[in-house]
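Here's a quick tour of a protein chain and one of its ligand sites. Have a look at the fold before reading on.

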Amino acid sequence: MDTLSRRCVWVNGPVIVGAGPSGLAVAAGLKEQGVPFIILERADCIASLWQNRTYDRLKLHLPKQFCQLPNFPFPDHYPEYPSKKQFVEYLETYTRHYHINPHFNESVESAKYDDTWRMWRVKTEAVEYICQWLVVATGENAEPVLPEIDGLKDFAGEVVHAQDYKSGEKFKGKKVLVVGCGNSGMELSLDLCNHDAKPAMVVRSAVHVLPREIYGKSTFQVAMFLLKWLPMWLVDKILLFLAWTILGNMEKFGLQRPKIGPLELKNYGRTPVLDIGALEKIRSKEIQVVGGVKRFWCGAVELTDGERLEIDAVVLSTGYKSNVPYWLQESEFFGKNGFPKTPFPNGWKGNAGLYAAGFTRRGLSGLSADAVKISQDIAKVWKDDLKQKKQKVPTHRRCISTF
Ligand SMILES: Cc1cc2nc3c(=O)[nH]c(=O)nc-3n(C[C@H](O)[C@H](O)[C@H](O)COP(=O)(O)OP(=O)(O)OC[C@H]3O[C@@H](n4cnc5c(N)ncnc54)[C@H](O)[C@@H]3O)c2cc1C
Ligand SMILES: NC(=O)c1ccc[n+]([C@@H]2O[C@H](COP(=O)([O-])OP(=O)(O)OC[C@H]3O[C@@H](n4cnc5c(N)ncnc54)[C@H](OP(=O)(O)O)[C@@H]3O)[C@@H](O)[C@H]2O)c1
């Protein structure tokens, strides 16, 4: 659709793109300060990653107090690690509590700063929104990473990405190759085992696996406590020592540790795996660990070490990527990988009213910190503007005011 046929809507306040936890948390912060906004969501529901693109057995992998959105604790009766269903219910209550009404089924196709108007022009299929502030909240996991591996297109069995995997039930009795050993790969391999499938997990590089809990305390909590007093490199060493006392040496099972420690590695975008049972299955050989994939054949895979495995299905647990480069026409603040170029904690604010929420590689705790800063920053300017002048609607632009 060309620009002339789009309806033009003037937004008195920011446009937030994405109604996942980040977009909702920014919206709630703005509501609390009386700033109007609109929130555009490509799916037909809030938190579509959690509702539509995750597997059934998923739980939050950090204790609930580290996952709550600003000023909104989880209910007391929730367990320490809420299930996906409970997390979605929590987000729905949050959305109702703050009277947030996203525009569903509105996918942002492009957004560009107009130097002449000094405004952002945000286009969906049918509407062009004009606004002073643009909050990018489309997530670190907006699209699946689908690697091109020789022969994969000709593989005869089912090939599914982790985002479409719900449960191992339908793989009962089947030999399944799980490509990738991040949190998804490990947990889907475990789920396959629990459903009497036979998973082989591809581990092509070193990976940090930590127990989810260290002697009854969450590993994350222990790390946060130690970081108050000690440098990161030392905390990494302590964590690895404690992990070794619990998990033992995993190298003999094909899991090498990276040279850089687990916390430091997060700065390079790599999340450690928090083990919730996959290691036990690796030790008992119920999950077979294999090396990299060379190519697929009709009903088999050839590995880089020359070994050939007969397989019935493939689960690509190969991760996710940001979709920002596909729609945001801006290259100063966001890098080619769709993440802000400036690392946490300074990657939330760009130029000309551009903001990024939820690109900290620190999950829910990182996005909450972003949301507080963004909503306060916008509210300050918005209130100052309001004091100075009455909001004017430029009639010569033939736009409809939303407020
Ligand atoms: C399997 C899995 C498990 C996870 N578990 C945890 C966990 O336990 N703890 C934790 O802290 N983090 C976890 N994460 C990380 C996860 O990224 C965060 O929990 C959280 O969902 C991030 O919120 P977000 O709003 O930034 O992104 P998302 O939840 O991805 O929300 C972004 C929203 O933007 C919408 N959108 C995207 N593009 C457009 C567009 N062009 N136009 C309009 N709308 C658009 C999407 O539809 C989506 O609803 C997990 C991630 C995955 C994949
Ligand atoms: N709450 C939970 O319990 C939970 C569960 C799942 C996911 N998550 C979160 O969701 C996010 C995404 O996790 P994820 O596990 O889906 O992705 P990820 O952490 O990015 O891991 C992707 C894995 O795929 C491998 N890979 C990619 N391409 C490959 C190829 N061509 N051949 C072989 N291996 C390949 C990677 O190996 P290399 O390292 O060699 O690139 C890596 O092991 C993370 O933040 C994670 O913490 C949380």
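What follows goes from the whole chain to one residue and then to a ligand shell.

Keep in mind that this is a predicted model. The protein chain has 10 helices and 23 strands. Its C-alpha trace spans about 70 × 55 × 40 Å along the principal axes. How does the radius of gyration sit with a compact globule? The chain comes out at 23 Å, and a compact globule of 403 residues would be near 22 Å, so the two agree. As for packing, 37% of the 403 residues count as buried. Among contacts with a separation of 6 or more, 69% are between residues 24 or more positions apart.

Now zoom in on A19. You'll find A19 in the loop between β2 (15-17) and α1 (21-32). Is A19 buried or exposed? A19 is buried, because 27 other C-beta atoms lie within 10 Å, and the cut-off for buried is 20 or more. Leaving out residues up to four places away in sequence, A19 touches L24, I39, E41, I46 and P102. R204 is another story: it's 185 residues from A19 along the chain, and their C-alpha atoms are separated by 34 Å.

Last stop, ligand 2. This ligand is surrounded by 25 residues, and the closest are P147, G180, G182, S184 and G319. Helix α4 (residues 183-194) gives the largest share of that shell, with 4 residues. Here's the shell around ligand 2 by class:

| Class | Residues in the shell around ligand 2 |
|---|---|
| Nonpolar | 10 residues |
| Polar | 13 residues |
| Charged | 2 residues |

Terms used. Residues are numbered from 1 along each chain as its sequence is written. Chains are lettered from A and ligands numbered from 1 in the order in which they are written. This is a predicted model: local features need pLDDT of at least 70, side-chain atom pairs count only at pLDDT 80 or more; totals for chains, interfaces and linings use all residues. Helices (H or I, at least four residues) and strands (E, at least two) are DSSP runs, numbered from the N terminus. A residue is buried if 20 or more other C-beta atoms lie within 10 Å of its own, exposed if 12 or fewer, and partly exposed in between; C-beta atoms are placed from the backbone. Two residues are in contact if their C-beta atoms, placed from the backbone, lie within 7 Å. The radius of gyration is taken over C-alpha atoms; the globule rule is 2.2 Å times the number of residues to the power 0.38. A residue is near a molecule or strand if its C-beta atom, placed from the backbone, lies within 6 Å of it. Ala, Val, Leu, Ile, Met, Phe, Trp, Tyr, Cys and Pro count as nonpolar, Asp, Glu, Lys and Arg as charged, and the others, Gly among them, as polar.
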